[in-house]
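Reader: I should like a close look at a single part of this model, together with its surroundings. Please take one helix and follow it through to whatever it rests upon.

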Amino acid sequence: MSTLPLPPDWSVAREELREVLVRAGWPGGVVGDAELALHELFVNAWKHGGSPAPLVVVVLVEGVLRVSVADGCQGLPEQRASADPYELSGRGLHLVRSLTDRFGADPRTSGKSVWFELDAAA
């Protein structure tokens, strides 16, 4: 039985995301949701996309946060029709969908970028 190596450290990406949102005055609960969504995309890029160091881009423009995580795998993620609460994996995209306003995936020349967006509270 093979085991996966430890995932790469995502703390720098998390700290950058937190700093951007805190400076912009976003509420702590939304910051936590954004961090959790980032974590899901980051781990998916490592585990399923085979990226030893996923590329993370955080952009906040006119009250819209966009976080994208890129890896070198061409296969776009597929959300499972139902998330079995007893499965060890398979709920990540459901979680991202429930925490964010929008999410999706875009093919790139050398892989894909999976992203989510959050709108600032009115």
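Author: What follows concerns helix α1, the sheet beside it and the core that they share.

The model is a predicted one. Helix α1 comprises the 13 residues 11-23. At 1.5 Å a residue these should span 18 Å, and the C-alpha atoms at the two ends are indeed 18 Å apart, so the length agrees with expectation. Within α1, the buried residues are S11, A13, L17 and L21. Because these four cover an arc of only 160° around the axis, they lie on the same side of the helix. The general background is that an α-helix has 3.6 residues a turn, so residues three or four places apart point the same way. On the other side of α1, V12, V22 and R23 are exposed. After the helix comes G25, with a positive phi near 80°.

What covers the buried residues of α1? The cover includes α2 (28-47), β1 (55-61) and β2 (64-71). The helix lies across β1 and β2, and its direction is at about 0° to that of β1.

These two strands belong to an open sheet of four, ordered β1-β2-β4-β3, with antiparallel pairing. β1 and β3 (102-108) are the edge strands; each has a single partner, so one side of each is left without a neighbour in the sheet. From one strand to the next, the twist averages 20°.

Beyond β2 in this order stands β4, which covers residues 111-119 and is joined to β2, antiparallel, by eight bridges. Across this pairing, R66 is opposite E117 of β4, while V67 is opposite F116 of β4. β4 also pairs with β3, again in the antiparallel sense, over seven bridges. In that pairing, A105 has V114 of β4 as its bridge partner. β3 and β4 together make a hairpin, with two residues between them. Of the nine residues of β4, eight are buried, so this strand is largely enclosed by the rest of the structure.

The helix and the sheet come together in the largest nonpolar core. This core has 23 residues, of which L17, L38, V56, L65, V67 and F116 touch the most other members. Two or more residues are contributed by each of α1, α2, β1, β2, α3 (92-99) and β4. The largest share, seven residues, is that of α2. L17 thus appears both among the buried residues of α1 and among the core residues with the most contacts to other members. The opposed pair V67 and F116 is likewise in that group.

L38 shows how these parts meet. Apart from neighbours within four places in sequence, L38 is in contact with W10, A13, R14, L17, V56, V67, V69 and F116. Of these, A13 and L17 are buried residues of α1, and F116 is in β4.

The loop between α2 and β1 offers a contrast, since G50, which is found there, is exposed, with a relative accessible area of 56% against a cut-off of 50%. The C-alpha atom of G50 is separated by 7.1 Å from that of G72, although the two glycines are 22 residues apart along the chain.

In summary, α1 has its buried residues on one side, lies across β1 and β2, and is among the elements that give two or more residues to the largest nonpolar core.

Conventions
Residues are numbered from 1 along each chain as its sequence is written. This is a predicted model: local features need pLDDT of at least 70, side-chain atom pairs count only at pLDDT 80 or more; totals for chains, interfaces and linings use all residues. Side-chain values use heavy atoms; hydrogens and water are left out. The expected span of a helix is 1.5 Å times one less than its number of residues. Buried means under 20% relative accessible area, exposed over 50%, partly exposed in between (1.4 Å probe, protein chains only). The arc is that of the directions from the helix axis to the C-beta atoms. Contact means heavy atoms within 4.5 Å. Two strands pair if DSSP finds at least two bridges between them. Axes are lines fitted to C-alpha atoms, for helices over the stretch in contact, and angles run from 0 to 180 degrees between N-to-C directions. A nonpolar core is a set of buried Ala, Val, Leu, Ile, Met, Phe, Trp, Tyr and Cys residues joined through side-chain atoms within 4.5 Å.
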